[in-house]
Amino acid sequence: MNKFLVFIFLISFFPQSTLAAQSWYYPVSDFSGRQSLKSFGQYFERKDYVGKEDIFPNQFLGYHAGIDLEASPSELNQPVPVYAVSSGQIIYSGFMSGYGGLILQKLEGDNLVALYGHLQQSGLPKLGSQVAAGSRLAFLGSAFSADTAGERKHLHFGIYRGVGSYYKGYETSVSALNLRWLNPSDYLLSQKALDPVRDYSPTPVPTLAPATSVKNSNPLIRLLVRILDFFGLKLSY
Ligand SMILES: [Zn+2]
């Protein structure tokens, strides 16, 4: 009987721990609802910015190496949190020309790095720290401030191949873009990423989750044991 309970204990615990280890999250809540101005791989030249200089004061040219996720008008004076898409180590945290506040995070497992740009510089995580998937990393920088390098309030988010630091927001050729960068929307979708606000659940504490399952199962298990005892069967294997 003890072995049987141990077995129930293990199968009730196993799927939860597996799920938690594989969790991916989007870097902001309402990820798809925020994509409107610049998509991955979109090509921009100077004429694209004519008449929009107030929105795009820094007129970068080339193929956009990430996606832009916009703050809504009602969020312009509200803190907008940015979340870790996966667990992994912070390999850059601080000011970077063209971004303002920038974080580079090594993503667990795949030799990929996530780039989060235009962040509020105060309160950024420490270089070298290990962060959990779905945990809050930072807040978006205020519109047209030093934290956004003079840009509107939005997150520039990219995922590139490699393990070192790389900072480009635009590439000058399609081959350079495809060599280095992944389409972050496609990649997160393939990882079944969750919304960091709506779907967030912290990694379950291993000693609590199974105990609840076993306790809930107890009456049924006892009944099963009694039935098997009645027929002279044993649960010793
Ligand atoms: Zn961008």
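This passage walks through the predicted fold of one protein, from its overall make-up to a few individual residues.

The structure is a predicted model, in which local features need a pLDDT of at least 70 and side-chain atom pairs count only at pLDDT 80 or more, while totals for chains, interfaces and linings use all residues. Residue numbers start from 1 along each chain, following the sequence as written. As for pLDDT, that's the predictor's confidence in each residue, on a scale from 0 to 100. The protein averages 84 on this scale, and 76% of its residues score at least 70. Over residues 13-20, though, the pLDDT is below 50, and the stretch has 8 contacts in the model beyond near neighbours in sequence. (Two residues are in contact if their C-beta atoms, placed from the backbone, lie within 7 Å.) Residues 207-216 also stay under 50, with 11 contacts beyond four places in sequence.

On to the overall build. The protein has 4 helices and 12 strands; these are DSSP runs numbered from the N terminus, with helices being H or I over at least four residues and strands being E over at least two. Take the contacts between residues at least 6 apart in sequence: 69% of them join residues at least 24 apart. Of the 237 residues, 30% are buried. Here, buried means that 20 or more other C-beta atoms lie within 10 Å of a residue's own, exposed means 12 or fewer, and partly exposed is in between, with C-beta atoms placed from the backbone.

Next comes the inside. A nonpolar core is a set of buried Ala, Val, Leu, Ile, Met, Phe, Trp, Tyr and Cys residues joined through C-beta atoms within 7 Å. The largest one here has 40 residues, and V28, V82, V85, I103, Y116 and L119 have the most contacts inside it. At least two core residues come from each of several strands, including β3 (67-70), β6 (100-107) and β10 (154-161). The largest share, 6 residues, belongs to β7. Setting aside neighbours within four places in sequence, V85 touches base with W24, Y25, Y26, P27, A114, L188 and A193, all by contact.

Finally, two residues other than glycine have a positive phi: N111, near 55°, and H118, near 75°. N111 sits in the loop between β6 and β7, whereas H118 is part of strand β7 itself. Are they buried or exposed? N111 is exposed, because just 10 other C-beta atoms lie within 10 Å. H118 has 31 C-beta neighbours inside 10 Å, so H118 counts as buried.
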